[in-house]
Protein chains: 2
Amino acid sequence: MLKEERFQLILTQLGQDQKVHLTDLSHVLKVSEDTVRRDIKELADQGLLKSVRGGAVPHSPGPHRFKDRVEYGNDQKQIIANKALRFLKDGQVAIFDGGTSAMLIAQALPKDIQLTVVTNSFPIASILEEHEKVEVLFAGGRLLKNSFVTIGNETIQYFRKFRADICFSGICSIHPELGVTGPDYEESEVKRAMVESSREIIALSTLEKLGTAEAYYVCPTNQLTTIITDQPDNLDAFEIYKVMGIKMV
Amino acid sequence: MLKEERFQLILTQLGQDQKVHLTDLSHVLKVSEDTVRRDIKELADQGLLKSVRGGAVPHSPGPHRFKDRVEYGNDQKQIIANKALRFLKDGQVAIFDGGTSAMLIAQALPKDIQLTVVTNSFPIASILEEHEKVEVLFAGGRLLKNSFVTIGNETIQYFRKFRADICFSGICSIHPELGVTGPDYEESEVKRAMVESSREIIALSTLEKLGTAEAYYVCPTNQLTTIITDQPDNLDAFEIYKVMGIKMV
DNA sequence: ATACTATTTGCAATAATTTGCAACTTTAAT
DNA sequence: ATTAAAGTTGCAAATTATTGCAAATAGTAT
């Protein structure tokens with residue numbers, strides 16, 4: 001059995017039970033507990049789970065201080081978050097948008113990664129406050145009540161000053177011809193500024209949003225580098241790749 | 001059963017019943033009361049609940065969501081806050097700095113006043129989120145961990161764009177000749193930008209800070225419009241007025 | 001294919017943590 | 001003050017982690 005297979009099985013079981021025990025896994029995977037331990041350690045380093053004494057639990061989104069925090073086991077978006085983590089490398093400058101998807105990435109972020117994060121989201125800034133090695137650059141602007149993000153011209157100008165390595169954007173709708181679109185004018189404007197300030201753009205979306213369109217334009221579809229979806233096994237990935245020409249994960 | 005599982009169960013039950021008893025938990029979790037006690041202590045250290053005699057209760061939801069929030073009945077500063085409110089009029093543009101004094105003003109602010117508040121403080125923005133008629137303009141910049149304010153050139157540039165009616169600044173030291181000074185270079189720079197962007201400047205200070213000086217210069221003393229102190233009966237007010245030439249409240 | 005290197009895996013010894021118990025101290029209520 | 005319940009402390013037993021090392025496996029170049 002390949003190591004990757006074990007990883008897959010561990011993560012699957014973790015998703016089902018919200019916990020895994022070393023002894024169980026050792027039995028199921030037919031390897032020693034040491035190996036399971038090492039596997040868990042490796043997955044933990046990737047931020048895909050949290051290693052605890054005797055086993056592992058899902059990388060717990062630590063409670064933070066904003067109302068609109070996402071509930072514990074939001075499976076779909078959690079999957080997206082875990083996939084997204086693989087794209088982040090030490091020392092990068094990353095733009096995080098204000099949606100809940102990006103928020104979950106921040107929550108799932110390992111504590112030891114060194115990053116510069118540019119964001120317009122209070123919740124994300126608040127989460128990252130506990131990450132010693134993450135520098136947070138906050139985009140000023142008009143504060144949008146309820147969603148705790150800044151918007152407006154000031155915000156846009158702030159993002160324009162950067163050339164980030166990577167941008168995580170919770171994209172609303174993606175359409176091959178109509179491009180990326182959103183339901184809110186001002187937020188879409190801000191999203192455009194983010195997208196245009198980053199080398200690599202990771203769109204966070206659910207499958208059902210693909211092929212649909214909203215009122216306000218963000219950017220052409222081919223500007224996206226990667227689309228991350230909530231599909232655990234991306235059977236359709238190649239199919240969509242053919243249609244869209246973008247790498248799916 | 002993993003320790004994490006116990007934690008999860010304790011928190012879940014706490015969410016349901018708003019309380020948990022040591023003896024019950026000991027029975028449910030099948031561990032000794034000592035262990036439950038230790039678990040509760042650990043969770044309490046993380047701020048996830050409050051340990052009380054015989055069990056635990058949910059962590060009391062404070063007025064807002066930031067760690068460094070000031071306790072409600074901080075008398076001295078509360079006095080300052082109440083005095084400060086008299087200066088605020090409907091429709092004004094007000095700058096609030098990041099200190100705890102300004103925070104208390106925000107907390108004491110009536111819900112029905114219409115204001116535009118410019119600030120670089122997360123806690124203040126968070127507090128004002130509940131004020132329907134207050135528009136919050138947030139100054140971007142580098143996020144200072146622990147104190148939850150933004151600083152740096154970006155922040156300064158943001159404030160420079162405004163001409164506010166009034167500015168509340170938690171001043172550290174005020175000296176007749178040496179002027180207003182602070183202990184931190186970057187924060188002092190930001191304060192200067194705030195002060196220079198406002199018509200009226202209300203310094204929030206305690207009496208013992210008067211006549212002292214710190215390392216970093218903010219502005220000349222005569223640039224202040226008013227000094228608000230924690231002295232309930234301002235007997236010395238006239239005396240200080242004579243010395244400083246500034247109205248005391 | 002073969003030989004060589006690098007990685008992975010299991011095992012054993014050692015270290016660290018967790019847990020329950022017992023003795024003792026503190027707290028709260030009568 | 002007295003008393004019972006809860007909390008604290010120290011300690012030994014059990015469980016879990018870590019480390020070094022040798023055998024097995026996979027990968028690579030000749």
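Two strands count as paired here if DSSP finds at least two bridges between them. With that in hand, welcome to the tour; keep in mind that this is a predicted model.

**Stop 1: the sheet in chain B**

Start by selecting the three strands of the open sheet in chain B, which run in the order β1-β3-β2 with antiparallel pairing. At the edges you will find β1 (20-21) and β2 (49-52) of chain B; each has a single partner strand, so one side of each is left without a neighbour in the sheet.

Now zoom in on β2(B) and β3(B), residues 55-58, where the antiparallel pairing runs over 4 bridges. To see one of the bridge partnerships, pick Val52(B) and look across to Gly55(B) in β3(B).

Next, add residues 33-45 of chain B to the selection. This is helix α3(B), which packs on the sheet and touches both β2 and β3 of chain B. Compare directions as you turn the view: the helix makes about 135 degrees with β2(B).

**Stop 2: helix α3 in chain A**

Move over to chain A and select residues 33-45. Helix α3(A) has 13 residues, and its first and last C-alpha atoms are 18 Å apart, close to the 18 Å expected at 1.5 Å a residue.

Which residues of α3(A) are buried? Show the side chains of Val36(A), Asp39(A), Ile40(A) and Leu43(A). Then look down the axis of α3(A): the buried residues fall within an arc of 95 degrees, so they line one face of the helix. An α-helix has 3.6 residues a turn, so residues three or four places apart point the same way.

What do these buried residues pack against? Display α1 (3-17), α2 (22-29), β2 (50-52) and β3 (55-57) of chain A, and you have their neighbours in view. Rotate to the face turned away from the buried side, and there you meet the exposed residues Arg38(A), Lys41(A) and Asp45(A).

**Stop 3: the aromatic rings**

For the last stop, turn to the aromatic pairs, of which the structure holds 14 over all chains. Select Phe122(B) and Phe138(B): their ring centres are 5.1 Å apart and their planes stand at 85 degrees, so the pair is edge-to-face. The two residues are 16 apart and link distant parts of the chain, with Phe122(B) in helix α6(B), residues 122-128, and Phe138(B) in strand β6(B), residues 134-138.

Are these two rings buried or exposed? Phe122(B) is buried, with a relative accessible area of 0%, and Phe138(B) is also buried at 0%.

Finally, widen the selection to Phe122, Phe138 and Phe148 of chain A together with Phe122, Phe138 and Phe148 of chain B: ring pairs link these residues into a cluster.

Notes
Residues are numbered from 1 along each chain as its sequence is written. Chains are lettered from A and ligands numbered from 1 in the order in which they are written. This is a predicted model: local features need pLDDT of at least 70, side-chain atom pairs count only at pLDDT 80 or more; totals for chains, interfaces and linings use all residues. Side-chain values use heavy atoms; hydrogens and water are left out. Contact means heavy atoms within 4.5 Å. Axes are lines fitted to C-alpha atoms, for helices over the stretch in contact, and angles run from 0 to 180 degrees between N-to-C directions. The expected span of a helix is 1.5 Å times one less than its number of residues. Buried means under 20% relative accessible area, exposed over 50%, partly exposed in between (1.4 Å probe, protein chains only). The arc is that of the directions from the helix axis to the C-beta atoms. Rings of Phe, Tyr and Trp (its six-membered ring) pair if their centres lie within 6.5 Å; planes under 30 degrees apart count as stacked, over 60 as edge-to-face and the rest as tilted.
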